[in-house]
Amino acid sequence: MKDSTSSKKADYYYQLGNQYRRQGNFQQANEAYMEAMSLDPESPAAEAKKMMDNIMNYYHKDAYNP
């Protein structure tokens, strides 16, 4: 059973990561997603980070190193 406080914090960091991603601040989005995943490994941040990594690796192979 998940701790509701951890789940709420994870959701906060997931939403924060989404805001950073929409602003084009991919480094901070990555950090927020990682924090969400550390609090809740089942957070949707795991999928969001995976998708962002795939996009960045495709378009910016030389500039992005997760």
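**Exercise 1. Count the helices and strands of the protein and give their order from the N terminus.**

Solution. The model is predicted, and it holds 3 helices and 0 strands. Read from the N terminus on, the elements therefore give the string α-α-α. The helices are H1 (4–23), H2 (26–39) and H3 (45–59).

**Exercise 2. State what share of the residues is buried, and what share of the contacts with a separation of 6 or more joins residues 24 or more positions apart.**

Solution. Take burial as under 20% relative accessible area. By that cut-off, 29% of the 66 residues are buried. For the contacts with a separation of 6 or more, residues 24 or more positions apart account for 33%.

**Exercise 3. Compare the span of H3 with the expected value, then find how its buried residues are placed around the axis.**

Solution. Step one is the span. H3 has 15 residues, which at 1.5 Å a residue should span 21 Å. The end C-alpha atoms of H3 are 21 Å apart, so the two values agree.

Step two is the list of buried residues: Ala45, Ala48, Lys49, Met52, Asp53 and Met56. Their arc around the axis is only 135°, so they lie on the same side of H3. The spacing follows a general rule: an α-helix has 3.6 residues a turn, so residues three or four places apart point the same way.

Step three is the partner. The buried residues of H3 pack against H1 and H2.

**Exercise 4. Repeat the analysis for H2.**

Solution. The 14 residues of H2 reach 20 Å from first C-alpha to last, close to the expected 20 Å at 1.5 Å a residue. In H2 the buried residues are Ala29, Asn30, Ala32, Tyr33 and Ala36. These cover an arc of only 165° around the axis, and so sit on the same side of H2. Their cover includes H1 and H3.

**Exercise 5. Describe the largest pocket by its volume, its lining and the helices that supply the lining.**

Solution. Begin with volume: the largest pocket encloses about 160 Å³ of space. Next, list the lining: Tyr14, Asn18, Arg21, Phe26, Tyr33, Pro44, Ala48, Met51, Met52, Ile55 and Met56.

Then assign the lining to helices. H1, H2 and H3 each supply at least two residues, and H3 gives the largest share, 5 residues.

Last, sort the lining by class. It has 9 nonpolar, 1 polar and 1 charged residues. Among the lining residues, Asn18 is polar and Arg21 is charged.

Finally, cross-check against the burial lists. Ala48, Met52 and Met56 are buried residues of H3 and also line the largest pocket. Tyr33 is a buried residue of H2 and likewise belongs to the lining.

Definitions and conventions
Residues are numbered from 1 along each chain as its sequence is written. This is a predicted model: local features need pLDDT of at least 70, side-chain atom pairs count only at pLDDT 80 or more; totals for chains, interfaces and linings use all residues. Side-chain values use heavy atoms; hydrogens and water are left out. On a 1 Å grid over the protein atoms alone, a cavity is a set of points where a 1.4 Å probe fits but cannot get out, and a pocket is an open set with protein on both sides within 12 Å along at least five of seven lines; lining residues have an atom within 4 Å of a point. Grid points are joined across faces, edges and corners, and a volume is the space filled by probe spheres set on the points. Helices (H or I, at least four residues) and strands (E, at least two) are DSSP runs, numbered from the N terminus. The expected span of a helix is 1.5 Å times one less than its number of residues. Buried means under 20% relative accessible area, exposed over 50%, partly exposed in between (1.4 Å probe, protein chains only). The arc is that of the directions from the helix axis to the C-beta atoms. Contact means heavy atoms within 4.5 Å.
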